[in-house]
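Let's take a walk through a protein fold together, one piece at a time. Have the picture open beside you as you read.

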Amino acid sequence: MTLPATPSFRLDGKRALVAGASSGIGMACAVALAEAGADVTFVARRAEVLNDVVSAVSAAGYSARALALDVTHTDAVREVFEAQPYDIVVNSAGLARHSPAVETTEDDFDAVMSINVRAAYFIAQQAAKAMIAHGKGGSIIQISSQMAHVGGVERAVYCGSKHAIEGMNKAMAIEFGSAGIRVNSICPTFILTPLTKPTFEDPEKRAWIDSKIKLPRVGEVEDIMGAAVFLASDASGMITGTSILVDGGWTAG
């Protein structure tokens, strides 16, 4: 009797690019892929911080390199993928500007949509074009949010941008599937990072978060790392056009 073999979670021999990799969730995802054996390009605007992160990853014995890039510059993004196809692309670049919906400014709306939707779209587009051209297939992962599945007070613009990611991913999964390209998202709850620290320090907002998360703690970047490796690896080979909710039960009700 031949027993089935579990598909590998290892990423040896794979090239990966992670946008928004200088801190927080993006850095954690990039580190996770490197630990799993991938050759990872860490992408962010802040070159100095990025170089410090990559130095630490390299010192730990993993394959990593830094690439300073503003992902809102579509021509620059295109040049990156024309120069080098990647097997795995994770986009964690994002922006949040919260306010009551009746107070949203055009500048805030445009800023959030520019990076959360427009940049995300063209990163995925250019990644897929390179994968198709080289006949390699691959995995494209957007770091979305639990707010892609629910609403939230003072988050109309942010929620709209993340709901857009989910629709975009489904359509791209349909189009790119025949080329062996999988397109998915990871939807975290509130994760404790320097960016979210002010939210956690606000007693009213912290109480709201604690009331929504069903598990007895808040999220940490390590909670996202396993999902990133899973979606990048052969272990998720039949998964596309969907999302993994890492939300502590927030969206369960």
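Helix 8 lies across strand 4, strand 5, strand 6 and strand 7, and runs at about 170 degrees to strand 6. Here helices (H or I, at least four residues) and strands (E, at least two) are DSSP runs, numbered from the N terminus. Angles run from 0 to 180 degrees between N-to-C directions, and axes are lines fitted to C-alpha atoms, for helices over the stretch in contact. What you are looking at is a predicted model, in which local features need pLDDT of at least 70, side-chain atom pairs count only at pLDDT 80 or more, and totals for chains, interfaces and linings use all residues. Residues are numbered from 1 along each chain as its sequence is written, and side-chain values use heavy atoms, leaving out hydrogens and water.

Now look at the sheet itself. It is an open sheet of seven strands in the order 3-2-1-4-5-6-7, with parallel pairing; two strands pair if DSSP finds at least two bridges between them. At the edges sit strand 3 (64–68) and strand 7, each pairing on one side only. From one strand to the next, the twist averages 15 degrees. Strand 5 and strand 6 run parallel and are joined by six bridges. For instance, Ile-140 has Val-183 in strand 6 as its bridge partner. Helix 5 also lies across part of this sheet, over strand 5, strand 6 and strand 7, at about 160 degrees to strand 6.

Back to helix 8 (residues 222–232): which of its residues are buried? They are Ile-224, Met-225, Ala-227, Ala-228, Val-229, Leu-231 and Ala-232, where buried means under 20% relative accessible area, exposed over 50%, and partly exposed in between (1.4 Å probe, protein chains only). Their cover includes helix 1 (24–35) and strands such as strand 4 (88–91) and strand 6 (181–188).

How do helix 1 and helix 8 meet? Their axes come within 8 Å and cross at roughly 55 degrees. The two helices are therefore oblique to each other, given that angles under 35 degrees count as roughly parallel, over 145 as roughly antiparallel, 65 to 115 as roughly perpendicular and the rest as oblique. Residues making this contact (heavy atoms within 4.5 Å) include Ile-25 and Ala-28 of helix 1 and Met-225 and Val-229 of helix 8.

Finally, find Val-150, in the loop between strand 5 (138–143) and helix 5 (156–176). Val-150 is partly exposed, with a relative accessible area of 24%.
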